[in-house]
Amino acid sequence: MSSRWIPIESNPEVMNKFVAGLGVESEYAFCDVFGFDPELLAMVPQPVLATLLLFPCTTNQDAAKRAQIAKLQAEGYVPHPTAFFLRQTIGNACGTIGIIHALANNVDKINIGEGSLKSFLTRTAGLSPEERGQALEQSDAITAGHQAAAQDGQSAAPAADEEVLLHFICFTRVDGRLLEFDGTKPFPIDHGATSEATLLEDSVRVAQQFMAVDPDNLNFTLVALALRQDE
């Protein structure tokens, strides 16, 4: 990674403030998923457009990722041709990158406004995932928004150069497929068919696969980008 940011918390309030600062004007907002039991999933407002999974960076997760990529490449996997995907070139930027993936792949449902996010998406529309990652490094507005959000959490923000062993990824629906967007992987991962009605449950199914890799680790959280509820 050529540079490092201060990481943001898995905190819907922080995320929603950051998104608003990007110029997004939407009836959708991030909210907590308090557990994976059916009664807890039923508490999440519908429809859900995307989810963000925060999971621990462990040797088991790294080995599983490398095995997954090798298998897909050996099978001739063809990534989705039009999904918006950017590679992570900035340390600790995975939270912001996950949010961008959630929003950029739902521009038909979300009013992204006229701010820095729209400018970034317009500027990077024809670029490769690697070039988009480099463009994010050069976006002063998004960088400033991220750094402000990183200071807004409930816990003290770590230093930018501190090793943070947690990682965000995004799940969202593109053309009826559940895609995983992880900026440290070379392409989005297709996890099968999904629908607006089942996206949350389908995301949980894949999240549980990550949890099974480290069954004794409790450092997993999920937030959903869902229809905003009246306060």
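Begin by selecting strands E6 and E7 (residues 189-193), which run antiparallel and are joined by three bridges; strands here are DSSP runs of at least two residues, numbered from the N terminus, and two strands pair if DSSP finds at least two bridges between them. What you have open is a predicted model, in which local features need pLDDT of at least 70 and side-chain atom pairs count only at pLDDT 80 or more, while totals for chains, interfaces and linings use all residues. Residues are numbered from 1 along each chain as its sequence is written, and side-chain values use heavy atoms, with hydrogens and water left out.

Within this pairing, click on Leu179, whose bridge partner in E7 is Asp190. Strand E6 (residues 177-181) is mostly covered, since four of its five residues are buried, where buried means under 20% relative accessible area (1.4 Å probe, protein chains only).

Next, add strand E5 (residues 166-174), which pairs with E6 in the antiparallel sense over five bridges, and find Arg173, whose bridge partner in E6 is Leu178. Two residues lie between the strands of this hairpin, and Asp175 takes a positive phi near 55° there.

Now turn to the largest nonpolar core, which has 45 residues, with Phe30, Ile99, Phe120, Leu136 and Leu225 making the most contacts inside it; such a core is a set of buried Ala, Val, Leu, Ile, Met, Phe, Trp, Tyr and Cys residues joined through side-chain atoms within 4.5 Å. Helix H4 (residues 94-104) gives the largest share of this core, seven residues, a helix being a DSSP run (H or I) of at least four residues.

Finally, select a second, separate core of 20 residues, which includes Ile169, Leu200, Val206 and Phe210.

Terms used: Buried means under 20% relative accessible area, exposed over 50%, partly exposed in between (1.4 Å probe, protein chains only).
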